Amino acid sequence: MKNIYLETYGCQMNEYDSELIRSILAKNQYQIVNSQEDAQVVLLNTCAIRENAHQKIFHRLDELKGMKRRGEVEAVGVLGCMAQSLRKDLADRSPIVDIVAGPDSYKKLPNLLKAVFESASKGYDFSLSEFETYADITPKRIAGVNAWLAIMRGCDNFCTFCVVPYTRGRERSRTVESVLNEAHRIESEGFKQVTILGQNVNSYKSDGNDFADLMQTLATETSIPRIRFTSPHPKDFPRRLLHVIADNPSLCKQIHLPLQAGNDDVLQRMNRTYTKKEFYTLVDEIRKIIPDVALTTDVIVGFSGETEAQFEDTFEVMQNVRFDSAFIFKYSERKNTIASRKIPDDVPEHAKTERIVRLNELQRRISNEINQTEIGKKATVLIESQSKKDANQWLGRTDQNKGVVFSAEAKKPGDFVDVEIIRATTNTLIGEMIPQKKRSLNLLSL
Ligand code: 5AD
Ligand code: SF4
């Protein structure tokens with residue numbers, strides 16, 4: 001029997017996939033261990049979305065090379081998006097790699113491991129499936145406050161910059177019944193929050209049910225206190241979903257809405273299929289129907305052909321929309337994508353750097369201004385963990401997914417606590433617990 005140490009890189013979908021992998025391996029008599037020293041096999045579940053994700057893994061493989069030479073590790077596997085993207089080239093470039101397996105190949109891992117240990121051969125599998133949803137696998141979750149739940153896999157949008165359609169294949173949805181069964185299991189295991197995952201959740205469809213139907217079903221049929229989802233695409237955001245969110249208290253009032261760019265020519269080159277005007281209209285509608293919503297986004301700067309003036313448009317949209325927070329990336333060309341074949345990565349590195357610095361500065365200012373307006377407001381916070389900076393304080397999140405640090409005795413992760421926001425920084429709110437008595441008095445005085 002071999003012990004396996006699994007490391008996860010990248011997005012929440014990968015976190016979820018690692019839970020599937022743990023489950024598949026545990027069912028096949030492999031022991032998953034929490035420390036690398038106890039393991040004979042190291043598996044890396046990887047990301048391919050930007051070049052630095054690859055660099056991180058190659059750096060890690062260099063470390064593992066020495067360990068393998070010294071006999072501290074017997075086998076190394078690379079799984080996930082980078083494995084699917086580089087395939088055999090990965091093992092050619094890094095010969096210590098024994099297993100390379102893509103996101104649709106996890107059920108084959110026990111056999112691939114067997115091949116490595118019993119016939120000293122390498123184990124590769126890159127078959128992408130039109131049907132694999134892993135609906136029959138119960139993820140082996142790590143106990144905590146939040147549970148991930150993938151309702152679909154793959155992406156058919158083919159944004160020209162994005163490698164995901166090539167690493168995760170075609171879009172496929174799980175049935176409502178299988179999603180609901182898993183949600184019930186999550187509920188019975190005591191998780192206080194579930195985050196619904198999909199590369200583009202708006203495309204969810206199963207037996208005549210769309211994503212808004214699914215969210216309504218989850219809100220009605222389960223009593224999980226907080227239900228989040230990520231990510232929707234602005235091009236086909238179901239308007240009915242806004243009413244479903246507004247009407248159901250367990251559906252969190254926070255939407256991650258990837259803008260990517262604020263200029264119509266750039267959006268067209270990216271194949272995002274919406275315009276700046278359509279994006280503004282969507283934001284207006286969201287805010288009209290869910291007035292207290294928090295909006296977050298992803299933006300890419302320096303995409304192929306982006307001029308200074310086109311970047312200024314993105315800057316202006318960020319200024320006007322005033323997202324609560326944003327992830328901003330420099331464009332990095334990915335193998336196989338439409339952009340890598342047809343739209344040269346021609347924005348100089350210094351221009352990308354300048355633009356990301358400017359946009360980050362703007363966003364930090366906006367986030368800070370928005371957070372300052374939270375001071376004096378009350379919020380219900382779900383405790384997640386101890387604060388990293390001060391073990392005597394808790395870190396929790398509001399419904400809008402804002403981090404709040406506060407102290408409270410006799411509380412633990414998973415508890416809901418009412419706080420008043422007393423201070424705010426760019427990234428964090430600082431709260432004070434509202435004592436029960438004071439709270440009921442306040443309610444009476446209403
Ligand atoms: N270069 C830079 N950022 C990218 N993203 C996706 N592909 C690329 C790329 N080639 C960003 C997008 C996406 C987020 C997950 O990563 O903003 O929404
Ligand atoms: Fe990539 Fe676009 Fe699909 Fe998102 S929607 S995963 S950015 S192709």
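Colleague: How many helices and strands does the chain have, and what makes a run count as one?

Modeller: The chain has 15 helices and 21 strands. Both are DSSP runs numbered from the N terminus, a helix being H or I over at least four residues and a strand E over at least two. This is a predicted model, in which local features need pLDDT of at least 70 and side-chain atom pairs count only at pLDDT 80 or more, while totals for chains, interfaces and linings use all residues. Residues are numbered from 1 along each chain as its sequence is written, chains are lettered from A and ligands numbered from 1 in the order in which they are written, and side-chain values use heavy atoms, without hydrogens and water.

Colleague: Why does the radius of gyration agree with a compact globule?

Modeller: The rule for a globule is 2.2 Å times the number of residues to the power 0.38, with the radius taken over C-alpha atoms. For 446 residues a compact globule would have a radius near 22 Å, and the chain has 23 Å, so the two agree.

Colleague: What share of the chain is buried?

Modeller: Buried residues make up 54% of the 446 residues; the term requires under 20% relative accessible area, with a 1.4 Å probe and protein chains only.

Colleague: Which residues are around ligand 1, and what places a residue there?

Modeller: A residue is near a molecule if one of its heavy atoms lies within 4 Å of it. Around ligand 1 these include Arg-50, Phe-161, Gln-260, Asp-298 and Tyr-331. Strands β15 (294-301) and β16 (325-330) each supply at least two residues of this shell.

Colleague: What makes the pairing of Gln-260 with ligand 1 a polar contact?

Modeller: A polar contact is a pair of N or O atoms within 3.5 Å. An N or O atom in the Gln-260 side chain is 2.7 Å from an oxygen atom of ligand 1, so the pair meets that limit. The Asp-298 side chain likewise has an N or O atom 2.7 Å from an oxygen atom of the ligand, and a backbone N or O atom of Phe-161 lies 3.0 Å from a ligand nitrogen. Taken alone, ligand 1 exposes 400 Å², of which the protein buries 87%; such areas come from the Shrake-Rupley method with a 1.4 Å probe.

Colleague: Which residues does Asp-313 touch, not counting residues up to four places away in sequence?

Modeller: Asp-313, found in helix α12 (residues 308-321), touches Gly-262, Asn-263 and Lys-276, where contact means heavy atoms within 4.5 Å.

Technical notes: Buried means under 20% relative accessible area, exposed over 50%, partly exposed in between (1.4 Å probe, protein chains only). A polar contact is a pair of N or O atoms within 3.5 Å; within protein, one must be able to donate a hydrogen and the other to accept it, and residues adjacent in sequence count only if both atoms are side-chain atoms.
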